[in-house]
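Please read the following report with the sequence and the model side by side. It goes through selected strands, a helix, a loop residue and the nonpolar cores.

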Amino acid sequence: MKLGSLKEGGRDGTLIVVSRDLTRAVRATGVAETLQRALEDWSNAAPRLNALSDALNAGTAEGAFDLDCAALASPLPRAYEFVDGSAYLPHVERVRRARGAEVPESFYVDPLMYQAVSAGFYGPRDPVRVVSEDYGIDLEAEVVIVTDDVPMAATPEQAATHIQLVGLVNDVSLRNLIPNELGKGFGFLQSKPRSALSPVFVTPDELGDAWQDSKVHRPLLTHVNGEWFGAPEAGVDMQFNFAQLVAHAAKTRPLSAGTIVGSGTVANQDTSLGASCFAERRTVETLEHGKPLTPFMKFGDTVRIEMLDADGRSIFGAIEQRIEQQPSA
């Protein structure tokens with residue numbers, strides 16, 4: 001099934017079930033008011049939401065309406081936790097190389113992860129607002145999963161059973177703020193603002209054969225200003241799968257239902273498949289030409305992030321955003 005949230009009903013939105021072709025929806029009235037509430041009672045809510053999904057796709061759901069993506073908040077407008085990994089080591093290697101840093105050997109056996117902003121997410125059609133272009137505005141196209149309650153010290157095998165939903169994220173980065181922040185030795189803060197989630201999240205079974213080994217095996221397609229930017233394979237070169245990432249996050253603490261875990265920027269060793277962020281493209285350009293040729297994003301630029309199934313149909317809907325200057329207070 002596919003789930004989304006309308007921009008109504010308060011900060012956590014209103015839960016809807018969305019049709020497989022992303023054209024129709026129905027409110028989850030009587031099941032759960034919000035996706036967060038559903039995840040907290042997933043064993044009871046999921047079968048009822050599945051039944052509603054079956055009725056919607058069969059054309060028999062009462063109260064169904066045409067879906068307008070502009071009316072959508074992120075599926076989880078806010079979450080208790082968003083922990084973002086960096087599971088694609090080609091990305092880690094290139095981005096660290098760009099700032100003159102080596103990749104520690106531990107990165108190949110122990111996932112890299114940080115605590116991201118979860119108090120609010122942009123909707124899939126909301127603009128990305130930034131104070132200044134001088135911050136080095138970058139997109140990061142990633143896959144995310146959402147868990148139910150995960151016990152502390154869960155093994156990867158146990159963690160896999162707690163992955164309930166899959167989606168996409170534009171993990172916005174402000175590249176020119178990162179070096180000084182990381183130089184303090186205390187991690188990201190100002191350089192990692194709000195991110196945007198895909199219009200819908202889907203249950204893993206909705207992905208069919210594309211969901212294997214706790215990975216999504218489909219290209220992640222990014223366009224910038226209407227031009228192809230990259231389509232690396234999400235199931236290739238992923239050093240740690242989502243079960244391993246969830247287990248890593250839960251090593252010393254339980255994870256609350258509604259925790260979002262990110263894959264990190266999708267990247268392949270094969271650079272002909274393009275990039276999922278500007279930092280990586282600029283690093284490849286530097287290696288080939290001695291300097292970066294592509295500037296970071298400017299106000300007015302647009303980004304579209306999407307994943308298609310084997311028949312060319314959108315799985316999660318597209319994140320479509322415009323970069324805008326934050327108005328003065």
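Strand 2 (residues 14–18) is largely enclosed by the rest of the structure, because five of its five residues are buried. Buried means under 20% relative accessible area, exposed means over 50%, and partly exposed lies in between (1.4 Å probe, protein chains only). Helices (H or I, at least four residues) and strands (E, at least two) are DSSP runs, numbered from the N terminus. This is a predicted model, in which local features need pLDDT of at least 70 and side-chain atom pairs count only at pLDDT 80 or more, while totals for chains, interfaces and linings use all residues. Residues are numbered from 1 along each chain as its sequence is written, and side-chain values use heavy atoms, with hydrogens and water left out.

From strand 2, Thr14, Ile16 and Val18 point one way and Leu15 and Val17 the other way, and all are buried. Two strands pair if DSSP finds at least two bridges between them. The pairings of strand 2 and of strand 10 (residues 141–147) are set out below.

| Strands | Sense | Bridges | One bridge pair |
|---|---|---|---|
| Strand 1 (residues 2–6) and strand 2 | antiparallel | five | Gly4 and Ile16 |
| Strand 2 and strand 3 (residues 24–27) | antiparallel | three | Val18 and Ala25 |
| Strand 10 and strand 11 (residues 163–170) | antiparallel | seven | Val146 and Leu165 |
| Strand 10 and strand 19 (residues 260–262) | antiparallel | three | Val144 and Gly262 |

Strand 2 and strand 3 also form a hairpin with five residues between them. In the turn of this hairpin, Leu22 has a positive phi of about 65°.

Strand 10 is mostly covered, with seven of its seven residues buried. Ala141, Val143, Ile145 and Thr147 point one way from strand 10, and Glu142, Val144 and Val146 point the other way.

Next comes a helix. Helix 6 (residues 242–249) is largely enclosed by the rest of the structure, because six of its eight residues are buried. These buried residues are Phe242, Ala243, Leu245, Val246, Ala247 and Ala249. The N-terminal end of helix 6 is capped by Asn241, which has a side-chain oxygen 3.1 Å from the backbone nitrogen of Ala243.

A nonpolar core is a set of buried Ala, Val, Leu, Ile, Met, Phe, Trp, Tyr and Cys residues joined through side-chain atoms within 4.5 Å. The largest nonpolar core has 61 residues, and those with the most contacts inside it are Val143, Val166, Leu207, Met307 and Phe316. Among the elements that give two or more residues to this core are strand 2, strand 10, strand 11 and helix 6. Helix 6 gives the most to this core, with five residues. Apart from it lies another core, of 32 residues, among them Ala38, Leu49, Leu76 and Ala257.

Contact means heavy atoms within 4.5 Å. Leaving aside neighbours within four places in sequence, the residues in contact with Val166 include Val143, Val144, Ile145, Leu207, Trp211 and Phe316.

Is Thr294 buried or exposed? Thr294 is buried, because its relative accessible area is 14%. This residue is found in the loop between helix 7 (278–289) and strand 20 (302–306). Apart from neighbours within four places in sequence, Thr294 is in contact with Phe278, Arg281, Arg282 and Glu285. The side chains of Thr294 and Glu285 are joined by a polar contact of 2.5 Å. A polar contact is a pair of N or O atoms within 3.5 Å; within protein, one must be able to donate a hydrogen and the other to accept it, and residues adjacent in sequence count only if both atoms are side-chain atoms.
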